[in-house]
Amino acid sequence: MAEEQKLNVDMEQYEAAKKRAHELSAAGVGKVRETLDLDVHAIAELQAKGVPTTDDSPKYRYTHDTNKKGLESTYNFELCTGKVLALRKDGQFVQALSSGDEGVVIVDKTCFYAEQGGQIYDTGVFSKVGDEETEFNVKDCQVRGGYIVFVGETEGTISVGDELAQNFDQDRRALIMKNHTGTHVLNYALRNVLANVEQKGSLVAPDRMRFDFTAKAALTADQVKQAEQKAQELINTHKRSHRSSPRLRRSTGSVPSSERSTRIPLGSSVWESPSKSFWPTRRATPPRLLLSSSAVAHGKNHCADPDRNQTHLQNVGHIGRLVISSEEAIAKGQRRIVALTGPAADKAIHRADRMEQRVNEIKAEVEADKDIVNDRVKFKETGKRVNELVEELNPMVLPYWRKDVIRKMAKEIQKTLDAYDRAAKAVVEKKILVEAKELAAEFNGDRRFLVHVFSPGAPGKALDNALKQMKNVPVAMAFSVDEDAGKVFVAAKVEQELVKSKDFKANDWVNKICEVIGGRGGGKPVQALGSGDQVAKIDEALELARQLAEAKLV
């Protein structure tokens, strides 16, 4: 393209831009561009300077409105300020970042959650204390060697030693918390439906959660429904959740007597051999999320030290609703479930309600009007509506099992329409056969051939069967017009003796007619079929058919 426009390309600049584009593309979830990330040398440099690792314990300081249940309960997060200990830009530590700079900030403490254990990072804004116009927009935060690496863009000037007021996206964090606690609930539900479930990974994002696990076969829609129901039953208990006490012993999963009546460990029901793969062998006493009066499995990828655990809801009921939106294979013996919680789950359920209402409306229309097949325009339009509904349904994010139900409902409607169509065609075919027998009875030896237009709506196969009934007619061509479909169907037969003696072939005869009716045909010298879409030329086709027969049978 450049050559066509007589332009020169600076290949050195092109390659540099290409490299930057590749770096940007690589900086996805859990990744930080090489020029911003902390490698082992950068971490060693920080340690040599005596820069302490980041204290992220403030991220656990939050409360909720205990007077409200479910999605109505809101969370109050405690924010904090942090002192800038280091800044990084273009692969080097710097003393300051200026407006437009993309870089890294490291502070002494933070209330932000850095991505770990399957849970995605927080986003938000750092504001310079004493100068609120100066901000650092946090787009990503990761843990590197105990340091929280905040990646973002600068507005104003931020220097080492500045105090930054931290404000993360609290609505986003609340959604992530719902999905994170939801993974534990889903783990519990799956273990109640399937045998020998082992978690293989997870992702906790604000809009969804992903759960990978072992399974010998795909889950049926009914199993998905059961798992979803089990999860919802647990959520509806509205029990308080909390991290475990170090006094809880892994070997027995026992609970101190003072807590036994109200607190049961989430993992107690699966702490024997089935849960071995869930916990790193180096851990003597794995931490557990506890749920009052309920037992829920705690997955391997979710475990961490109490001061480094993920952010969870304080009441399981705050999840709201949980729906499984997809279930698929990701490797041999491994399956993946994507699920939604809270507002996203409600939206998926409402979408399913609307789709189910639409399919029920079509079903009622079809079942109430068995004569719909006689109105071919309306009949085709109804079938089209069903197909369009299924096409619209397939990419939609809905509860997995409900999508399966709606799809089956649509298929049943299509089956009903097909049954109506078959019944109507059977009536037409029967009528054509009666008509053919009457024509055969009227045919006498003085006539050499028969060209006839049968009752409308007969397909080529019905015409062919009709000609087979006319055994006493040596040469015949049958037509039928389907006005609704805009089609002309034609069938012909020629006795073998005439094929040889007169060189009169049914397939040649049909092909000549198809040139008139705007279609094509095919078959053998003794039997052929064809069709076309020039309905208005039926009279011309009839006249030509008679002329061709007359010419051959002289």
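**Briefing: two open sheets, a buried threonine and a surface patch**

Helix α12, residues 538-552, lies across β19, β20 and β21 and runs at about 175° to β20. The model is a predicted one. The sheet behind that contact has 5 strands, is open, and shows mixed pairing. An open sheet of 4 strands, with antiparallel pairing, is also present. Two local sites follow: Thr154 in strand β9, and a nonpolar surface patch that includes Met11.

**The 5-strand sheet**

- The strand order is β19-β20-β21-β23-β22.
- β19 (450-453) and β22 (519-524) are the edge strands; each has a single partner strand, so one side of each lacks a neighbour in the sheet.
- From one strand to the next, the twist averages 10°.
- Strand β20 covers residues 475-482 and strand β21 covers residues 487-494.
- β20 and β21 pair in the antiparallel sense, over 8 bridges.
- Within this pairing, Ala476 has Lys493 of β21 as its bridge partner.

**The 4-strand sheet**

- Here the order is β12-β13-β18-β17, and the pairing is antiparallel.
- β12 (199-204) and β17 (322-331) form the edges, each pairing on one side only.
- The twist averages 15° from one strand to the next.
- β17 pairs with strand β18 (residues 334-341) in the antiparallel sense, over 8 bridges.
- Leu322 finds its bridge partner in β18 at Thr341.
- Helix α3, residues 170-193, lies across β12, β13 (209-214), β17 and β18.
- The angle between α3 and β13 is about 25°.

**Thr154**

- Thr154 sits in strand β9, which spans residues 147-155.
- Its relative accessibility is 3%, so Thr154 counts as buried; the cut-off for buried is under 20%.
- Neighbours within four places in sequence aside, Thr154 is in contact with Leu97, Ser98, Ser99, Gly100 and Asp101.
- Glu135 and Phe136 are also in contact with Thr154.

**The nonpolar patch**

- Val9, Met11 and Tyr14 make up a nonpolar patch on the surface.
- Together, Val9, Met11 and Tyr14 have about 300 Å² of accessible area.
- Met11 belongs to helix α1, residues 11-26.
- Met11 has a relative accessible area of 47%, and is therefore partly exposed; the exposed class needs over 50%.

Definitions and conventions: Residues are numbered from 1 along each chain as its sequence is written. This is a predicted model: local features need pLDDT of at least 70, side-chain atom pairs count only at pLDDT 80 or more; totals for chains, interfaces and linings use all residues. Side-chain values use heavy atoms; hydrogens and water are left out. Buried means under 20% relative accessible area, exposed over 50%, partly exposed in between (1.4 Å probe, protein chains only). Contact means heavy atoms within 4.5 Å. Two strands pair if DSSP finds at least two bridges between them. Axes are lines fitted to C-alpha atoms, for helices over the stretch in contact, and angles run from 0 to 180 degrees between N-to-C directions. Patches are made of residues with over 30% relative accessible area and no salt bridge: like charges are joined within 9 Å, nonpolar side chains (Val, Leu, Ile, Met, Phe, Trp, Tyr) within 5 Å. Accessible areas come from the Shrake-Rupley method with a 1.4 Å probe; for residues, only the protein chains shown count as cover. A salt bridge is a side-chain nitrogen of Lys or Arg within 4 Å of a carboxyl oxygen of Asp or Glu.
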